[in-house]
Amino acid sequence: KERVFSGMQPTGSLHLGNYLGAMVQWIQMQETHECIYCVVDLHAITVWQEPKELRHAIRQVTAAYIASGLDPKKSILFNQSQVSAHAELAWIFNCVARLGWLNRMTQFKEKAGKDRENASVGLYAYPNLMAADILAYRATHVPVGEDQKQHLELARDIAQKFNNDFREQIVAAGHEDGVFFPQPEPVITGPATRVMSLRDGTKKMSKSEPSDMSRINLMDDTDKIADKIKRAKTDMEPAPPTDIEALKARPEIDNLVGIYAALAGISKEEGLKALQDTASEGPSIFTGLKRVLTEVAVEKLGPIRAEIVRLMDDPAEIDRVLADGSARARAIAVPILADVKDIVGLIRS
Ligand code: ATP
Ligand code: MG
């Protein structure tokens with residue numbers, strides 16, 4: 001049976017990368033699958049979060065989920081820390097995963113930076129908790145952006161090693177094929193699976209990047225969106241790229257065309273054509289592209305922002321949605337965790 005799980009960290013407010021890389025896919029999948037969407041607050045605290053801001057961000061990410069089109073009746077929406085099965089299973093996975101596997105994770109290297117000795121142990125073990133998030137529900141499909149591919153591969157390795165290590169117990173528990181955990185499949189098929197920073201075409205757009213100018217947030221108003229796009233980095237080439245190959249060699253332009261195409265619901269080829277057709281508008285060859293990009297961004301994000309603002313007016317209602325979702329999530333995860341404990345040989349009452 002197919003089951004979808006995914007999550008976003010309340011490390012700030014959601015941006016265009018989160019929306020185009022994951023959220024659009026989440027919304028589609030709730031029509032065809034049983035979906036569980038989580039605000040992964042335990043992941044957020046792997047780097048320092050001011051407690052008051054964290055609480056606000058958890059509610060705001062929840063509001064952004066709903067405002068973007070997730071329906072708390074169709075899907076399960078909840079925050080991770082309310083379902084202790086995530087943390088419990090993560091500990092067991094800490095004992096399944098190997099140091100060598102985690103040492104290869106590029107996200108840890110990027111986030112820990114040069115001062116690796118000073119990174120939290122949680123940041124290092126992050127991928128094990130992510131595997132637990134998914135496998136606590138024995139989820140089969142995980143819609144994410146491109147950057148999470150490596151973590152998904154690790155989750156698959158953990159599932160497989162657990163199945164191998166405890167094969168005898170798993171079969172004895174009635175799973176004749178010896179498969180307790182499925183191999184969760186990454187679904188990396190959003191309209192733009194890797195949106196890059198507006199300031200640096202080689203870095204992905206991120207919540208935790210200090211410069212707010214690097215991203216378009218779902219909470220940005222019309223003026224902010226216009227200003228950020230206007231100041232988005234381009235290049236010095238005198239003419240627009242002639243074809244998709246030439247576009248690829250110009251990361252900042254490639255990114256802007258990609259964002260425009262994704263928001264407008266057209267192909268990248270058509271996006272490139274829009275750039276070529278407007279290149280004479282001036283003063284720069286990118287002025288026209290930036291104009292149409294601003295228009296479509298404001299048109300798509302404006303209503304979402306208004307709805308987030310409306311929902312944030314009633315934090316108690318958001319907390320109710322999270323409490324209800326958490327109870328429904330617990331109802332799935334608790335029996336799976338109980339089976340895991342039996343398989344591993346732990347005693348429970
Ligand atoms: P942080 O900087 O705190 O890690 P983030 O912006 O990377 O925040 P996450 O909460 O880590 O956001 O990721 C939530 C989802 O959004 C994941 O599925 C991730 O793959 C996706 N995502 C994040 N950034 C991008 C991006 N720039 N382009 C496409 N998808 C993205
Ligand atoms: Mg991230």
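**Figure 1. How the chain fills space in this predicted model.** For 349 residues, a compact globule would have a radius of gyration near 20 Å, and the chain has 22 Å, which agrees. That radius is taken over C-alpha atoms, and the globule rule is 2.2 Å times the number of residues to the power 0.38. Along the principal axes, the C-alpha atoms fit a box of roughly 70 × 45 × 40 Å. Buried residues make up 43% of the 349; a residue is buried if 20 or more other C-beta atoms lie within 10 Å of its own, exposed if 12 or fewer, and partly exposed in between, with C-beta atoms placed from the backbone. You'll find 15 helices and five strands here, which are DSSP runs numbered from the N terminus (helices are H or I, at least four residues; strands are E, at least two). Of the contacts between residues at least 6 apart in sequence, 75% join residues at least 24 apart; a contact means that two C-beta atoms, placed from the backbone, lie within 7 Å.

A word on the labels: residues are numbered from 1 along each chain as its sequence is written, while chains are lettered from A and ligands numbered from 1 in the order in which they are written. As for the predicted model, local features need pLDDT of at least 70 and side-chain atom pairs count only at pLDDT 80 or more, while totals for chains, interfaces and linings use all residues.

**Figure 2. The surroundings of ligand 1.** Here 19 residues surround the ligand, and the closest are T11, G17, G21, G145 and S208. To count, a residue has its C-beta atom, placed from the backbone, within 6 Å of the molecule. Helix 1 (residues 16-29) gives the largest share of this shell, four residues. Sorted by class, the shell has five nonpolar, 10 polar and four charged residues. In this sorting, Ala, Val, Leu, Ile, Met, Phe, Trp, Tyr, Cys and Pro are nonpolar, Asp, Glu, Lys and Arg are charged, and the others, Gly among them, are polar.

**Figure 3. Helix 10 against helix 14.** Helix 10 (residues 222-230) packs on helix 14 (residues 287-312) at an angle of about 150°, and the axes are 10 Å apart. Axes are lines fitted to C-alpha atoms, for helices over the stretch in contact, and angles run from 0 to 180 degrees between N-to-C directions. On the helix 10 side look for T222, I225, A226, I229 and K230, which meet K290, L293, T294, A297, V298, L301 and G302 in helix 14. That contact has seven nonpolar, three polar and two charged residues.

**Figure 4. Two backbone details in loops.** P283 sits in the loop between helix 13 (268-278) and helix 14, and the peptide bond from G282 to P283 is cis, with omega near 0°. R138 is in the loop between helix 7 (121-135) and strand 4 (141-143). R138 isn't a glycine, yet its phi is positive, at about 45°. With 19 other C-beta atoms within 10 Å, R138 is partly exposed.

**Figure 5. Q183 and E88, each with a partner from elsewhere in the chain.** Q183 is in the loop between helix 9 (167-172) and strand 5 (185-187), and touches R156, A159 and Q160, leaving aside residues up to four places away in sequence. The C-alpha atoms of Q183 and L152 are 9.4 Å apart, with their positions 31 residues apart along the chain. Q183 counts as partly exposed, with 13 C-beta neighbours inside 10 Å. E88, in helix 4 (residues 85-94), is also partly exposed, with 18 C-beta neighbours inside 10 Å. E88 and K341 are 253 residues apart along the chain, and their C-alpha atoms are separated by 9.8 Å.
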